Amino acid sequence: FKTMNLFARQEEIDVIVFVINAANHLTLSAREFLETAGRDKAFIFIVVNKFDDIRNREKCQRVIRQQIAEVLPATAAESADLVHFVSARAE
């Protein structure tokens, strides 16, 4: 219901910041949300959270970037600016 309300007001939204759990990658519901949001917004900021918990970070980045490319090609093309892998802990 909350998601439907959000989509009803999309013309009022300037930017979308979508947070993904690094361990889960893009779930089915996340893909569906991004596909729908991507119809109205060419670029969506993607934040991949809990990246510090991932052992094989290169593989994780590759998989998530591929998933984003499938759903949001314009965002994927600008991924250096729009897709960010973050950690809460200092490394």
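Me: How much area does the chain expose, and what share of it do carbon and sulfur atoms supply?
Reply: In this model, which is predicted rather than determined by experiment, the chain exposes about 6,100 Å², and 51% of that area is supplied by carbon and sulfur atoms.

Me: And what percentage of the residues is buried?
Reply: Of the 91 residues in the chain, 33% are buried.

Me: Switching to secondary structure, how many helices and strands are there, and what pattern do they follow along the sequence?
Reply: The chain has five helices and three strands, and reading along the sequence gives the pattern α-β-α-β-α-α-α-β.

Me: What share of the contacts between residues at least 6 apart joins residues at least 24 apart?
Reply: Taking the contacts in the chain between residues at least 6 apart in sequence, 75% join residues at least 24 apart.

Me: Now the helices: how do the axes of α2 and α3 cross?
Reply: The axes of α2, which covers residues 28-40, and α3, which covers residues 57-71, come within 9 Å and cross at roughly 40 degrees. Because of that angle, α2 counts as oblique to α3.

Me: Left-handed or right-handed?
Reply: The crossing of α2 and α3 is right-handed.

Me: Which residues make the contact?
Reply: On the α2 side the contact is made by R31, L34 and E35, and on the α3 side by Q67, E70 and V71.

Me: How do the residues of that contact divide into nonpolar, polar and charged?
Reply: The contact of α2 with α3 has two nonpolar residues, one polar residue and three charged residues.

Conventions
Residues are numbered from 1 along each chain as its sequence is written. This is a predicted model: local features need pLDDT of at least 70, side-chain atom pairs count only at pLDDT 80 or more; totals for chains, interfaces and linings use all residues. Side-chain values use heavy atoms; hydrogens and water are left out. Helices (H or I, at least four residues) and strands (E, at least two) are DSSP runs, numbered from the N terminus. Buried means under 20% relative accessible area, exposed over 50%, partly exposed in between (1.4 Å probe, protein chains only). Contact means heavy atoms within 4.5 Å. Accessible areas come from the Shrake-Rupley method with a 1.4 Å probe; for residues, only the protein chains shown count as cover. Axes are lines fitted to C-alpha atoms, for helices over the stretch in contact, and angles run from 0 to 180 degrees between N-to-C directions. Angles under 35 degrees count as roughly parallel, over 145 as roughly antiparallel, 65 to 115 as roughly perpendicular and the rest as oblique. A crossing is left-handed if the near helix is turned anticlockwise from the far one by less than a right angle, and right-handed if clockwise. Ala, Val, Leu, Ile, Met, Phe, Trp, Tyr, Cys and Pro count as nonpolar, Asp, Glu, Lys and Arg as charged, and the others, Gly among them, as polar.
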